[in-house]
Amino acid sequence: MGFFSNQFSDVVEWEEFRDDMIFWKWNNNEVKKGSRLIIRPGQDAIFINNGKIEGIFEEEGEYDIESEIVPFLSTLKGFRFGFNSGMRVEVLFVNTKEFTVKWGTQNPINIPAPQLPGGMPIRANGTFQFKVSDYVGLIDKIAGVRDSYLVDDVKIRITAILDQLLMRWITKEGKDMFNLQANAHEIGQGIQDDLNMQLMDDGMKVTGFQVMSFNYPKEIQDMINKSASHGMVGDVGKYQQISVADAMGKSSGSNTASDMAGMMMGMNIAKEMMDGQKESDSGKQQKTDDAGSNDSDTSGQAAPKFCPNCGQKNEGSKFCPNCGQKLS
């Protein structure tokens, strides 16, 4: 009897497990007597009968279905395996981890901008996270008609509406169209809320949405970079000299006219630098002359050896020691 009972037994487990698979349905007509259930880390096992959830098992491990699973099934508690009879039931294995997906706009999105009548074409990219949150919704909307479901299936659905959401939230939260990254968090939060409304009926929840970067057309990006350069250089005159120097470097190897123009600009810059140096040297010389004049005034002429008033011999004093006459 034991031999015949064992030949009907099954191992109920997730046979086609993949990291990018959201759920997989074990469907083998019926569970036999002596069958065992294996739940691995990061998996939940849901027993379904006639489209209705009979029981959800979350603890990893290996279980005897007859003694450890059936007693906890809602409407099948009194089921008893016979010698040739099995239990008709489906087992849905769900991946419980949080999935991270990269996204990117396939085509530029024309964002309305007052400065550009035709709108500003923008691309964007980033990541979003989601996980299964409601098994009833998952079974009613997806698992009831599918045997498996992949992350790419969710990505395709989200990217189909992502362009519209980006346009909506960039227009709403993008305070500066030329610096959208400053409002990336607010834009991402708004899109996350809208995506949740789209997926919650399917039993899934978007747990995060990030915009990593916004990409402008080359012409607009060059303009942004130039504006940033102007802002970083406080001295406009210095910025002009830097620009001229860059132009001289780029003109090397070009035609004769551009070379001559570069030489002329270089000579003008050199002249300005020499004039500035001369003014600096002149100022330094003037300070030296002023210092020498002050020293001469303070030293004056040497005192006489004899007082012109009383004839008293003087030893270098500024006043006569005999009559007090000023000697210098």
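1. A residue counts as buried when its relative accessible area is under 20%. Please keep that cut-off in mind for the points below, and remember that this is a predicted model. F99 has a relative accessibility of 3%, so F99 is buried.

2. Now to the aromatic rings. Searching the whole structure turns up nine aromatic pairs. One of them joins F99 and F130: the ring centres are 5.2 Å apart and the planes meet at 25 degrees, so this pair is stacked. The two partners come from distant parts of the chain, with F99 in strand 8 (residues 99–104) and F130 in strand 10 (residues 116–132), 31 residues apart. Like F99, F130 is buried, because its relative accessibility is 0%.

3. A second pair worth a look is F128 with F209. This pair is also stacked, with 6.5 Å from centre to centre and 15 degrees between the planes. Here too, distant parts of the chain are linked: F128 sits in strand 10, while F209 belongs to strand 12 (residues 204–215), and 81 residues separate them. Are these two rings buried or exposed? F128 has a relative accessible area of 0%, so F128 is buried. F209, with a relative accessible area of 6%, is buried as well.

4. How do these rings fit together? Ring pairs link F99, W103, F128, F130 and F209 into a cluster. If you have the structure open, strand 10 is a handy place to start, since F130 and F128 are both found there.

5. Away from the rings, have a look at E173. Which helix holds E173? Helix 4, which covers residues 151–173. You may wonder whether such a side chain is out in the open; with a relative accessible area of 17%, E173 is buried, because the cut-off is under 20%. Setting aside neighbours within four places in sequence, E173 is in contact with N183, E186 and I187.

6. My last stop is N49, in strand 4 (residues 43–49). The relative accessibility of N49 is 18%, so N49 also counts as buried. Which residues does N49 contact, leaving aside its neighbours within four places in sequence? The partners are E54, L76 and R88.

7. A friendly word on reading the burial values: F128 and F130 are each at 0%, whereas E173 is at 17% and N49 at 18%. Each of these four counts as buried, because the cut-off is under 20%.

Technical notes
Residues are numbered from 1 along each chain as its sequence is written. This is a predicted model: local features need pLDDT of at least 70, side-chain atom pairs count only at pLDDT 80 or more; totals for chains, interfaces and linings use all residues. Side-chain values use heavy atoms; hydrogens and water are left out. Helices (H or I, at least four residues) and strands (E, at least two) are DSSP runs, numbered from the N terminus. Buried means under 20% relative accessible area, exposed over 50%, partly exposed in between (1.4 Å probe, protein chains only). Contact means heavy atoms within 4.5 Å. Rings of Phe, Tyr and Trp (its six-membered ring) pair if their centres lie within 6.5 Å; planes under 30 degrees apart count as stacked, over 60 as edge-to-face and the rest as tilted.
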